[in-house]
Each structure stands twice: as C-alpha cells, then as structure tokens.
Number of protein chains: 2
Amino acid sequence: MIKAKVYITLKKGVLDPQGKTIKQALEHLEYKGIEDIRLGKYIEITLNGKSKSEAEREIKDMCEKLLANTVIEDYRFEIEG
Amino acid sequence: MIKAKVYITLKKGVLDPQGKTIKQALEHLEYKGIEDIRLGKYIEITLNGKSKSEAEREIKDMCEKLLANTVIEDYRFEIEG
C-alpha cells in the first residue's frame, strides 16, 4: 500500500481571492502582521498493488491530467510506503 | 519573516464527497488500484515581525478559531523561520 501526499498551489502572480478573504477575516479577529495568505489543496491518495516507481509515475500523470490545472497551478507530491 | 504551512484534513470517519468524486473521475480515466482519496486544504501564511514561538502560538490559535472546523477537521502546521 502506497500513500501519496499531493500539494497543489496557485502559481506566483495568480490572484487568490480565497486567500485574501481568509487574510481579511483574520485581520478582523485582530491578528496583526499577516503579510500574505495563499490557499491551496492537499490531497492524500492511497494506492494498492503498485511499486513506488509506478506510483510516482502515475501520481505525476494524475496531477497533469486531472488534479492540478497546470495553467494556473503548481503541484508537488511525496510518496510514502 | 516567518512562513507557516498549515494542513487541514477531514477527521477519520468523516465522509469526503469531494475526495470520492475525484476518485471516480480518476477511475473513469482508467487509473486502477485507487484505494482512497481524501481532499484537504493547504494554507501558506507569511507573517511579519513575529518570533518563531509567537508565530507558533498565533497560528495554532488561528487554526482553532478560523482556519479549521475542529468538529470535523484536524490540522497540523510547520513553521519555517
């Protein structure tokens, strides 16, 4: 059993309205000194019956094809197990 | 400048319809052997003018108060100085 952790983030320069909203909400709660907040996705994928290298290839493929929108998003992943 | 990475995940046992939808979409693309997919949030927070220990206290507080819904979500974070 292989566990992959995928992190999807907006590319630098892409506006992040959700991050901005969180920042404003925190400032409203009197938190000071927040420079920036960026919201991304964190996906845990459990795979069965794959070797680590197969899983690595497959997860990269999934990211390119479905999980990330590579026009505006970057992805990275870690594979455990 | 301090950078915090916050990971918010659904607690074990909480249904994850978005994760299920992603799983079905990947299966539709002929990926085999997917046991489970869980979707969470990944938040990058940049703070100014705080020590590492202040930042740690503050981020924990932000998670409890606003970022995570602790009834159904777990959170963890890393702080880079």
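Visitor: How many bridges join strand 2 of chain A to strand 2 of chain B, and in which sense do the two strands run?

Guide: Strands here are DSSP runs of class E with at least two residues, helices are runs of H or I with at least four residues, and both are numbered from the N terminus; two strands pair if DSSP finds at least two bridges between them. In this predicted model, 13 bridges join strand 2 of chain A to strand 2 (residues 34–47) of chain B, and the two run antiparallel. One of the facing positions is T46(A), which stands opposite D36(B).

Visitor: What conventions should I keep in mind while reading the model?

Guide: Residues are numbered from 1 along each chain as its sequence is written, while chains are lettered from A and ligands numbered from 1 in the order in which they are written. Because the model is predicted, local features need pLDDT of at least 70 and side-chain atom pairs count only at pLDDT 80 or more, whereas totals for chains, interfaces and linings use all residues, and side-chain values use heavy atoms, with hydrogens and water left out.

Visitor: Which strands of chain A pair with strand 1 of chain A?

Guide: Strand 1 is joined to strand 2 of chain A by seven bridges, in antiparallel sense, with A4(A) opposite I45(A). Eight bridges join strand 1 to strand 3 (residues 73–80) of chain A, again antiparallel, and there K5(A) has E78(A) as its bridge partner.

Visitor: How many residues does each chain bring to the contact, and what area is buried?

Guide: Contact means heavy atoms within 4.5 Å, and buried area is the accessible area (1.4 Å probe) that two parts lose on being put together, summed over both. Chain A and chain B each bring 33 residues to the contact, and the area buried between them is about 2900 Å², of which carbon and sulfur atoms give 63%. On the chain A side, Y31(A), Y42(A) and L66(A) lose the most area to chain B, together 20% of what that side buries.

Visitor: Which elements of chain A supply the side that touches chain B?

Guide: Strand 1 (2–10), helix 1 (17–28), strand 2 (34–47) and helix 2 (52–67) each supply at least two residues of that side, and strand 2 gives the most, with 14 residues.

Visitor: How is chain A related to chain B?

Guide: Copies are superposed by least squares on the C-alpha atoms of residues with pLDDT of at least 70 in both. A turn of 180 degrees and a shift of 0.0 Å along the axis lay chain A on chain B with an RMSD of 0.1 Å, which is the relation of a two-fold axis. In chain A, the C-alpha nearest that axis belongs to K41(A), 2.3 Å from it, and 100% of the contact residues of chain A recur in chain B.

Visitor: How many salt bridges does the rule find across the interface, and how many over all chains?

Guide: Side chains of opposite charge can pair when their charged atoms come close. Here a salt bridge is a side-chain nitrogen of Lys or Arg within 4 Å of a carboxyl oxygen of Asp or Glu; the rule finds zero across the interface of chain A and chain B, while the search of the whole structure finds 16 over all chains. One salt bridge joins the side chains of K65(A) and D61(A) (3.3 Å, N to O), four residues apart in helix 2 of chain A, about one turn of the helix.
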